[in-house]
Protein chains: 2
Amino acid sequence: MPQTRLKNEAPEPGLARVLQALGDPIRLELVRQLARRGEVPCGGFDLDMPKSSLSHHLRVLREAGILGTRAEGTCVMNFLCRDRLERRFPGLLEGILRNL
Amino acid sequence: MPQTRLKNEAPEPGLARVLQALGDPIRLELVRQLARRGEVPCGGFDLDMPKSSLSHHLRVLREAGILGTRAEGTCVMNFLCRDRLERRFPGLLEGILRNL
């Protein structure tokens, strides 16, 4: 039975989508850096790649519910949605982080 | 430093490849059935799909090192490579199976 949702609220991404988003070496590296550093501004990742590619990878992670953002002044801070993921998929993120 | 490998032996798939292989609802369902039933012959999955599609999904899982096969008479039995996965990525499969 589908869960009740607010109108216009997107459904929570399922497990397959979360795994698909994580199934990329660049995105795993972003997750690794976020896990170690807590919050990272968009320009603060230690990765040598075009800004447009980085934006794409961050968007995939965000749309899968893995990554959240918050504004800090003119800066956008990225963070892992650890609690949300743990509620939805207990043990999943932990099982991945320990292998990064 | 790369691990020593036998000549012509393919490198073990990395974490990103394993997650990518698992990032599909059909393949997660195959993994779920294998986890519950132990071994499943190719024609024995409870899924209504063309044989060619099933073969494709089984091959993706096999090439990612998630699924193994063994011949039993004229039949090919499929099984989860639990021990191998646990050695390579401790806690990963468990973190996924508990959410299926």
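Start by selecting Arg70(A), which counts as partly exposed at a relative accessible area of 34% (buried means under 20% relative accessible area, exposed over 50%, and partly exposed in between, with a 1.4 Å probe and protein chains only). This is a predicted model, in which local features need pLDDT of at least 70 and side-chain atom pairs count only at pLDDT 80 or more, while totals for chains, interfaces and linings use all residues. Residues are numbered from 1 along each chain as its sequence is written, chains are lettered from A and ligands numbered from 1 in the order in which they are written, and side-chain values use heavy atoms, with hydrogens and water left out.

**Salt bridges**

Keep Arg70(A) on screen and add Glu39(A): their side chains meet in a salt bridge, 2.8 Å from N to O (a salt bridge is a side-chain nitrogen of Lys or Arg within 4 Å of a carboxyl oxygen of Asp or Glu). The pair links distant parts of the chain, with Glu39(A) in strand β1 (residues 39-41) and Arg70(A) in strand β2 (residues 67-72) of chain A, 31 residues apart; helices (H or I, at least four residues) and strands (E, at least two) are DSSP runs numbered from the N terminus. Glu39(A) is partly exposed, at 29% relative accessibility. Adding Glu72(A) to the selection completes a network of salt bridges that links Glu39(A), Arg70(A) and Glu72(A).

Now move to chain B and select Glu39(B) with Arg70(B), which form a salt bridge whose closest N and O atoms are 2.8 Å apart. Here Glu39(B) lies in strand β1 (residues 39-41) and Arg70(B) in strand β2 (residues 67-72) of chain B, 31 residues apart. Glu39(B) is partly exposed at 29% relative accessibility, and Arg70(B) is partly exposed at 33%.

Return to chain A for a pair within a helix: Glu29(A) forms a salt bridge with Arg32(A), the closest N and O atoms being 2.8 Å apart. These two residues are 3 apart in helix α2 (residues 25-37) of chain A, so about one helical turn separates them. Arg32(A) counts as partly exposed, at 24% relative accessibility. Over all chains, the structure holds 7 salt bridges.

**Chain A as a whole**

Colour chain A by secondary structure to show 5 helices and 3 strands, which run α-α-β-α-β-β-α-α from the N terminus on. Of the 100 residues of chain A, 39% count as buried. Among contacts in chain A between residues at least 6 apart in sequence, 56% join residues at least 24 apart, where contact means heavy atoms within 4.5 Å.

**Cysteines**

Next, show the cysteine sulfurs: the structure holds 0 disulfides over all chains (a disulfide is a pair of cysteine sulfur atoms within 2.5 Å). For Cys75(A), which is in no disulfide, the nearest cysteine sulfur is that of Cys42(A), 7.1 Å away. Cys75(A) is partly exposed, at 28% relative accessibility. Cys81(A) is likewise in no disulfide, and its nearest cysteine sulfur, that of Cys42(A), is 14 Å away. Cys81(A) is buried, with a relative accessible area of 11%.

**Where the chains meet**

Display both chains and select the contact between them, which takes 19 residues from chain B and 19 residues from chain A. Between chain B and chain A the count of salt bridges is 0, while the count of residue pairs in polar contact, both at pLDDT 80 or more, is 4. On the side of chain B that touches chain A, α1 (15-22), α2 (25-37) and α5 (92-97) of chain B each supply at least two residues, and α1(B) gives the most, with 5 residues.

Zoom in on α1(B), where 6 of the 8 residues are buried, so the helix is largely enclosed by the rest of the structure. The buried residues of α1(B) are Leu15(B), Ala16(B), Val18(B), Leu19(B), Ala21(B) and Leu22(B).

Then select Gly91(B), in the loop between α4 (82-88) and α5 of chain B. Gly91(B) is buried, at 8% relative accessibility, and, not counting residues up to four places away in sequence, touches Gly95(A), Arg98(A) and Glu86(B).

Finish at Asn99(B), in the segment after α5 of chain B, a residue that is buried with a relative accessible area of 18%. Leaving aside neighbours within four places in sequence, Asn99(B) is in contact with Leu15(A), Arg88(A), Phe89(A), Pro90(A) and Leu92(A).

Methods:
A polar contact is a pair of N or O atoms within 3.5 Å; within protein, one must be able to donate a hydrogen and the other to accept it, and residues adjacent in sequence count only if both atoms are side-chain atoms.
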